[in-house]
Amino acid sequence: MQYLLLLYANESDWDKLTPAQQEQGVAAYEAYRQALKEAGALVGANRLQNASSATTVRIKDGKTQVLNGPYADSREQLGGYFLIEAPDLDAALSWAARCPGASHGTVEVRPLWSM
Amino acid sequence: MSASEGDALARSTADAVARRSYGKLVAFLSTRTRDVAAAEDALADAFAAALADWPVNGCPSKPEAWLLTVARRKMIDGSRRRRTGELAANDLAVLYEGMQAAVDEGTEIPDQRLALLFACAHPAIEEGIRAPLMLQVVLGLDAATIASAFLMSPDAMRQRLVRAKNKIRQAGIPFRVPEAGELRPRLDAVLDAIYAAFAEGWADAVGTDVARRDLAEEALFLGRLVTELLPEEPEALGLLGLMLHAEARRRARRGANGEYVPFAEQDIERWDRRMIDEAEAVLLRASRLGAVGRYQLEGAIQSAHVHRRMKGVANWDTVVVLYDALFSMSFSPVVAINRALAIAELRGERAALAALGEIEDDPRLTQYQPYWAARAELLARTGERDEALRSYDIAIGLERDPAVRTYLQKKRAGVGAEAAG
């Protein structure tokens, strides 16, 4: 089965880190990616620009509304994702727990709708 | 006494009884019917009734007997409601017959927790759910807490616990301590489940995660319980000794800033000496019973490591001998990795890498952080830097604990710097 790991974290916490700490943080994610790949579990992954760069679009009563900012204004923002292949939820949760994002934010684990 | 003081007293009395007697009460209520879930429900109702009644009427002098009387009434009511046939009638009969005597004032409630532990770790129960089942049934931990500790979704954990309890009832798993002939293998299953709970709690070194830190304590409680009820079983003592040794070093595993401190660099002043003494005494008792086993060997290895640090005398030859014995008894990747690291100290990195090579085809290792960390460390020492860096990357990516992750990243950076310089 495939699971999407959605990484939520407080962006301002990241901005407060020193460059050396940020570098270490990025390296941890890179290592995590590498481990997923070695285990044959990696399907895809990406990091997103800050939530302030987001724009939302919806059509209400036939009129298009375009708004600045993310869909949900919350303390923690969606910052990236990993799409993984795992035999079951327990295996997906164990990957989620290893994700660096789980120690400085929250990782939401969602199974994909299988077509 | 004010109303809120009465509430507080009632609550703390109920908490104390729950802590001390939960498993005893569940065991007693379910031994004959084998319906653990019904016993837990009835007991939950009884605790709720206590929190309503005790602040008003005062705490009873025998709170356990009070709870048991109320729980028994709830169970009988429940059984009457569900009475659909022979089974319910039978339940009723055994409930009346079995409990009357024990509930009478002044009678000690018989301790059947050991029988309950054996039921939870019965071979008919799926291995992975045995430890969670014990934690819930004997200690009263809720499913959500257990789920977090075992990294499982609360819903899935709840369902598996329900299934396991149904199995006990439907399959007729007996609540009894096995006969001498089958006691040892069945006891191993009980001890394995207790150790699994301990290991989950142990993974949280800082103790920031209260649920998991408590798990180590709960496992120690169960370990002690088994040794009290079966004082002549060497492996039960071995497990207790092993857990005490590990627990004694909990505080030393983190530095002042929360950083990971490996065993060799721990400040031995921060070890709990009383716990170490207790561990040593327990292991000595085990060794006098004359039957070596896995947990005694693991306890002995812990003991050897601790002695080396405290006395400053190298004893790697002893450690390797103990690991060889353990390795021949139970093949596990964990043992193989630690054995290889001990071999590195005694016979050098090449010999250790050769020992690791013997197990590299085991598929369990691809996602096992300690294997990659050990490999990286050994390769770095032999100067095979590229391979070392790659192994460090995988180890870092597989680690859950941020403090250990940072530690591994530092080690990796050290190797990377050498490579560049």
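Which residue of β5(A) is the bridge partner of G44(A)? Keep that question in mind while you set up the view, and bear in mind throughout that this is a predicted model, with an ipTM of 0.74 and a pTM of 0.82.

**The sheet of chain A**

Begin by selecting the strands of chain A that make up its open sheet, where four strands run in the order β2-β5-β1-β6 and the pairing is antiparallel. At the edges you will find β2 (residues 42-47) and β6 (residues 105-111) of chain A, each of which pairs on one side only. If you look along the sheet from one strand to the next, the twist averages 20°.

Now narrow the selection to β2(A) together with β5(A), residues 77-85, which pair in the antiparallel sense over five bridges. Here the opening question is settled, for the residue of β5(A) that serves as bridge partner of G44(A) is L83(A).

**The helices on the sheet**

Keep the sheet displayed and add helix α2 of chain A, residues 19-38, which packs on the sheet and touches β2 and β5 of chain A. The direction of α2(A) makes about 165° with that of β2(A).

Next add helix α3 of chain A, residues 89-98, which also packs on the sheet, where its contacts are with β1 (residues 2-9), β5 and β6 of chain A. In this case the angle to compare by eye is the one with β6(A), since the direction of α3(A) makes about 155° with that of β6(A).

**Chain B as a whole**

Move on to chain B and show it as a cartoon, in which 19 helices and zero strands should appear. Chain B has 421 residues, of which 40% count as buried. Among the contacts in chain B with a separation of 6 or more, 62% are between residues 24 or more positions apart. If you colour chain B by confidence, its mean pLDDT is 87, and 90% of its residues reach 70 or more. Where pLDDT is low, the predicted coordinates should not be read in detail.

**Where the chains meet**

Finally, display both chains and select the residues in contact between them, which number 16 in chain B and 18 in chain A. On the chain B side, the elements that give two or more residues are α18 (residues 385-398) and α19 (residues 402-420) of chain B. Of the elements on this side, α18(B) gives the most, with five residues. Colouring the same side of chain B by residue class will show seven nonpolar, five polar and four charged residues.

Methods:
Residues numbered from 1 in each chain as written. Chains lettered and ligands numbered in written order. Predicted model: local features only at pLDDT ≥ 70, side-chain atom pairs only at ≥ 80, totals over all residues. Contact = placed C-beta atoms within 7 Å. Nonpolar A, V, L, I, M, F, W, Y, C, P; charged D, E, K, R; others polar. Pairing = 2+ DSSP bridges. Axes fitted to C-alpha atoms, helices over the stretch in contact; angles between N-to-C directions. pLDDT = per-residue confidence, 0-100. Buried ≥ 20, exposed ≤ 12 C-beta atoms within 10 Å, placed from the backbone.
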